[in-house]
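Me: I am new to this structure and would like a close look at one part of it. Could you start from a single residue and work outwards from there, in plain words?

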Amino acid sequence: MRILATVLICNVVLGAAMALYLVLIWHKYKGTVAEHGWNTDCADPICNNMWLLCFVPLLGIMYYLVAGETIGKLCSITKEKANGTVTVSYGPLAFHYAEGE
């Protein structure tokens, strides 16, 4: 029982840290994303309670990595240059963020 409680507490602490970091990074770079022509309502990684995925053990880490790298790519490339699509790859896994015109 003690091991289960420790694992649960570690999961909650790690999930909260990842969610807080996504919130802080998003608020820091939201203006830059908007300057590059991206829709900040669609690109927001914390909208629609998506931050709750940070508390799901393995899925949370993957969401954290993909969302963080996507924010970085949205800050570095304009929407016109990227043709409205950004791809984040981790080995054979590829995640796409596409924005319609």
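Reply:
**Starting from one loop**

N39 has a relative accessibility of 33%, so it counts as partly exposed (buried is under 20% relative accessible area, exposed over 50%, and partly exposed in between, with a 1.4 Å probe and protein chains only). You can find N39 in the loop between α1 and α2. Helices here are DSSP runs of H or I with at least four residues, strands are runs of E with at least two, and both are numbered from the N terminus.

Before going on, please keep in mind that this is a predicted model, where local features need pLDDT of at least 70 and side-chain atom pairs count only at pLDDT 80 or more, while totals for chains, interfaces and linings use all residues. Residues are numbered from 1 along each chain as written, and side-chain values use heavy atoms, leaving out hydrogens and water.

Now follow N39 to its partner in space. N39 and E99 are 60 residues apart along the chain, yet their C-alpha atoms are separated by 7.9 Å. E99 itself sits in the segment after β2 (93-98). The side chain of E99 meets that of K79 in a salt bridge, at 2.9 Å from N to O (a side-chain nitrogen of Lys or Arg within 4 Å of a carboxyl oxygen of Asp or Glu). K79 belongs to the loop between α3 and β1 (85-90), so this pair ties together parts that are 20 residues apart in sequence. The structure holds one salt bridge, and both of its residues, E99 and K79, are buried. N39, in contrast, is partly exposed.

The loop between α3 and β1 has another residue to look at, N83. With 66% relative accessibility, N83 counts as exposed, while K79 is buried. N83 also has a backbone feature to point out: its phi is near 55°, a positive value in a residue other than glycine. Most residues other than glycine have a negative phi. A similar note goes with N49, where phi is positive at about 60° although the residue is not a glycine. N49 is placed in the loop between α2 (40-43) and α3, and its relative accessibility of 48% makes it partly exposed.

From E99, step back along the chain into strand β2, and you come to F95. F95 is partly exposed, with a relative accessible area of 30%. F95 makes a link across the sequence too: V66 is 29 residues away along the chain, but the two C-alpha atoms are 7.5 Å apart. For a neighbour of V66 in the sequence, try L65, which is found in helix α3 (residues 57-76). L65 is partly exposed as well, at 35% relative accessible area.

Finally, here is how these places fit into the whole chain. The protein chain has three helices and two strands, which run α-α-α-β-β from the N terminus on. N39 therefore belongs to the loop joining α1 to α2, whereas F95 belongs to β2. Of the 101 residues in the chain, 29% are buried, and E99 and K79 are among them. If you would like a sense of scale, the C-alpha trace spans about 55 × 30 × 20 Å along its principal axes.
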